[in-house]
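Me: Please pick one part of this chain and take a close look at it. Start with the terms, then the whole chain, then the part itself.

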Amino acid sequence: MFGLGWPEILALVVIALLVFGPEKLPQAAAQAGRTLRSLRQMANNAKQDLQAGLGPEFANFDPTDLNPKNFVRKHLTGDLEDEWRGATAGVAGGAAVSGRTGTDVLDDFDELGYGELPPYDSEAT
């Protein structure tokens with residue numbers, strides 16, 4: 001929860017108790033809960049209004065996809081993650097179900113001869 005551990009939460013409770021006092025603390029907590037609930041409701045309503053305004057072609061639109069980190073993860077590494085999940089789906093308890101070991105998979109690649117240079121991609125560097 002927000003990267004807070006038990007010591008931090010306990011410190012916040014003690015600070016709130018000192019600031020508000022034992023008489024006003026339950027009322028302040030109730031008010032904070034109502035405010036948080038109304039903020040969540042406003043955010044959900046804004047999201048629904050945005051999706052309704054965009055039309056049916058954006059029915060699966062998620063505003064979190066606009067975050068550059070999520071955008072890159074979804075569009076650039078999504079295929080790699082799917083391939084990785086598919087490749088590791090057959091692995092159970094460290095042993096490959098298909099019967100292929102790590103050295104069998106490595107045998108699929110051509111070995112370079114003595115003095116032979118690996119392929120160079122000038123656009124990748």
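Reply: A residue is buried under 20% relative accessible area, exposed over 50%, and partly exposed in between (1.4 Å probe, protein chains only). This is a predicted model, in which local features need pLDDT of at least 70, side-chain atom pairs count only at pLDDT 80 or more, and totals for chains, interfaces and linings use all residues. Numbering runs from 1 along each chain as its sequence is written, and side-chain values use heavy atoms, with hydrogens and water left out.

First, the setting. Of the 125 residues in the chain, 4% are buried. The chain exposes about 11,200 Å² (Shrake-Rupley, 1.4 Å probe; for residues, only the protein chains shown count as cover). Carbon and sulfur atoms supply 63% of that area. Four helices and two strands make up its elements (DSSP runs: H or I of at least four residues for helices, E of at least two for strands, numbered from the N terminus). Their order from the N terminus is α-α-α-β-β-α.

The part to look at is helix 1. It covers residues 6–54, 49 residues in number. Its end C-alpha atoms lie only 42 Å apart. A straight helix would reach 72 Å at 1.5 Å a residue (the expected span is 1.5 Å times one less than the number of residues).

Where does helix 1 have a kink? The kink lies at Gly-21, shortly before the proline Pro-22. Its angle is about 105° (between axes fitted to the seven residues ending there and the seven starting there).

Phe-20 also belongs to helix 1. Phe-20 is partly exposed because its relative accessibility is 43%. Beyond its neighbours within four places in sequence, Phe-20 is in contact with Leu-25 and Ala-28 (heavy atoms within 4.5 Å).

Leu-12 sits in helix 1 too. At 48% relative accessibility, Leu-12 is therefore partly exposed. Together with Phe-2 and Leu-4, Leu-12 makes a nonpolar surface patch of about 360 Å². Patch residues have over 30% relative accessible area and no salt bridge; nonpolar side chains (Val, Leu, Ile, Met, Phe, Trp, Tyr) are joined within 5 Å, like charges within 9 Å.

Further along, Gln-51 is another residue of helix 1. Its relative accessible area is 25%, so Gln-51 is partly exposed. The C-alpha atoms of Gln-51 and Asp-62 are 8.6 Å apart, and eleven residues separate the pair in sequence. After helix 1 comes Gly-55, with a positive phi near 95°.

Notes. A salt bridge is a side-chain nitrogen of Lys or Arg within 4 Å of a carboxyl oxygen of Asp or Glu.
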